[in-house]
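Please look over the structure below before reading on. The briefing takes it topic by topic.

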Amino acid sequence: MNPTLDSRQLRAFATLARTGSFTRTAKELYLSQSAVSHSMKALEQDVGCRLLDRMGKTVLLTQAGEQLLHHAQKILTEMGEARESLLHLGKWGRSRLRIGTSATACQYILPAVLREFKESFPQCLITVEPGDTPESIAMLRENRVDLALALEPKNEDKMEFLPLFTDEMAFLMSPSHPWALAGRVEREDIPRQHYVLYNKNSYTFRMVEEYLRAEDMVLNTVFEFGSMEAIKELVKLGLGMSILAPWIAQKELQEKSMVSLPLGRRKLKRNWGILHWRGRRLSLAEESFVSLCRAVTEDLASGSTDRRVT
């Protein structure tokens, strides 16, 4: 038996099994009757057994033919579905978009982006996989996502980084905190404060740690949380202060339930962008997603404040 079967022979065989007639089969497939007959003989030679019994003008399946028909119908159905899915993929909006990103971006960036995206690609299947930058990169490597909205990583030569915006980290505290009342940060008091920081395994925590180490500082009391909302609630209650990008607490800062002060004369900035496999051409849906991310995040660029660190 040949290692593979001819799909055209299988289609002719399935049609012949349904019609029971070489004449009707040839008519349906726009072939000559002799071409169908020759195709069935070739198929029987390929499988090494008789598949058809000819009873006058009627064709019946042998036991082997019935067994082959069972498999042939599955094969032809799968081939049809594969062709249909590829046709859909090539049409406007009929595609998928798998995104990996942090819980922060899921809450503060993606809703506005996806709202606009769905207007242009209403039938695009969108899936979002939550995960901080290391997890998102791992999902890209494993082909579980197509794009990652994340912080710029180090030493990722196989990934291309498309910049979106840069933010600046700052101290966030309750309005009743002594620093907030004074309008300035006392440098010598920085290590002695109680801090509520984001996930120790995140890029953000590592960047904060490296920044403070370069300033010869080590934070004495640190509580770790995986939720930005929980961090902000604790800060508002005066149970600790945090180091975050002010855009994450934009609502609270506008309501004056939190206060932002700069880390110091030396800035701590983060670059946000879209990661994908280097050399892979983006689809129309993916290019549109990147453009919408740029439009939505253009107001999140790093800002400055007049309050000082002394």
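Which residues does glycine 273 touch, not counting residues up to four places away in sequence? Its partners are Ala148, Leu149, Ala150, Phe161, Leu162, Pro163 and Leu164. The model is predicted. The points below go from the whole chain to single sites.

**Whole chain**

- The chain holds 12 helices and 14 strands.
- The C-alpha trace spans about 105 × 35 × 35 Å along its principal axes.
- The radius of gyration is 31 Å, whereas a compact globule of 310 residues would have one near 19 Å.
- Of the 310 residues, 44% count as buried.
- Take the contacts between residues at least 6 apart in sequence: 75% of them join residues at least 24 apart.
- The exposed area is about 17,500 Å², and carbon and sulfur atoms supply 50% of it.
- Positive side chains number 42 and negative ones 39. The centres of these two sets lie 5 Å apart.

**Glycine 273 and strand S13**

- Glycine 273 sits in strand S13, which covers residues 269-277.
- Glycine 273 counts as buried because its relative accessibility is 0%, under the 20% limit.
- Its C-alpha lies 43 Å from that of isoleucine 75, and the two residues are 198 apart in sequence.
- S13 is also among the elements that cover the buried residues of H9.

**Phenylalanine 13 and helix H1**

- Phenylalanine 13 belongs to helix H1, residues 7-19.
- Its relative accessibility is 0%, so phenylalanine 13 counts as buried.
- Beyond four places in sequence, phenylalanine 13 touches Met40, Leu43, Leu51, Leu52, Leu61, Gly65, Leu68 and Leu69.
- Met40 and Leu43, two of these partners, are among the buried residues of H3.
- From phenylalanine 13 to methionine 241 is 74 Å, C-alpha to C-alpha, with their positions 228 residues apart along the chain.

**Helix H3**

- H3 runs over residues 33-47. Its 15 residues should span 21 Å at 1.5 Å a residue, and the end C-alpha atoms are 21 Å apart, so the two values agree.
- Buried in H3 are Val36, Ser39, Met40, Ala42, Leu43, Glu44, Asp46 and Val47.
- Glycine 48 comes just after H3 and has a positive phi of about 80 degrees.

**Helix H9 and aspartate 216**

- H9 spans residues 203-214. Its 12 residues should span 16 Å at 1.5 Å a residue; the end C-alpha atoms are 17 Å apart, which agrees.
- The buried residues here are Tyr203, Thr204, Phe205, Val208, Tyr211 and Leu212.
- Their cover includes helix H7 (133-141), strand S5 (147-151), strand S9 (194-198), S10, S11 and S13.
- Aspartate 216 follows H9, in the loop that leads to strand S10 (221-225).
- Phi of aspartate 216 is positive, near 60 degrees, although the residue is not a glycine.
- Most residues other than glycine have a negative phi.
- Aspartate 216 counts as exposed because its relative accessibility is 74%, over the 50% limit.

**Methionine 241**

- Where is methionine 241 found? The loop between helix H10 (228-236) and strand S11 (242-244) holds it.
- Is methionine 241 buried or exposed? It counts as buried, because its relative accessibility is 1%.
- Leaving aside neighbours within four places, methionine 241 contacts Phe171, Leu172, Met173, His177, Trp179, Gln193, His194, Tyr195, Val196 and Val235.
- Phenylalanine 161 is 80 residues away along the chain, with 32 Å between its C-alpha and that of methionine 241.
- Phenylalanine 161 is also one of the contacts of glycine 273.

**Helix H11 and lysine 256**

- Glutamate 252 lies in helix H11. With a relative accessible area of 5%, glutamate 252 is buried.
- Its contacts, leaving aside neighbours within four places, are Lys232, Lys236, Ser257 and Met258.
- Lysine 256 lies in the loop between H11 (250-255) and strand S12 (259-262).
- Lysine 256 is not a glycine, yet its phi is positive, at about 65 degrees.
- Lysine 256 is exposed, with a relative accessible area of 65%.

How values were computed: Residues numbered from 1 in each chain as written. Predicted model: local features only at pLDDT ≥ 70, side-chain atom pairs only at ≥ 80, totals over all residues. Heavy atoms only, no water. Helix = DSSP H or I, 4+ residues; strand = E, 2+ residues; numbered from the N terminus. Expected span 1.5 Å × (residues − 1). Buried < 20%, exposed > 50% of the residue type's maximum accessible area, 1.4 Å probe, protein only. Rg over C-alpha atoms; globule rule 2.2 N^0.38 Å. Contact = heavy atoms within 4.5 Å. Areas by Shrake-Rupley, 256 points an atom, 1.4 Å probe, with all protein chains shown as cover. Lys, Arg positive; Asp, Glu negative; His and termini not counted. Charge placed at Lys NZ, Arg CZ, Asp CG, Glu CD.
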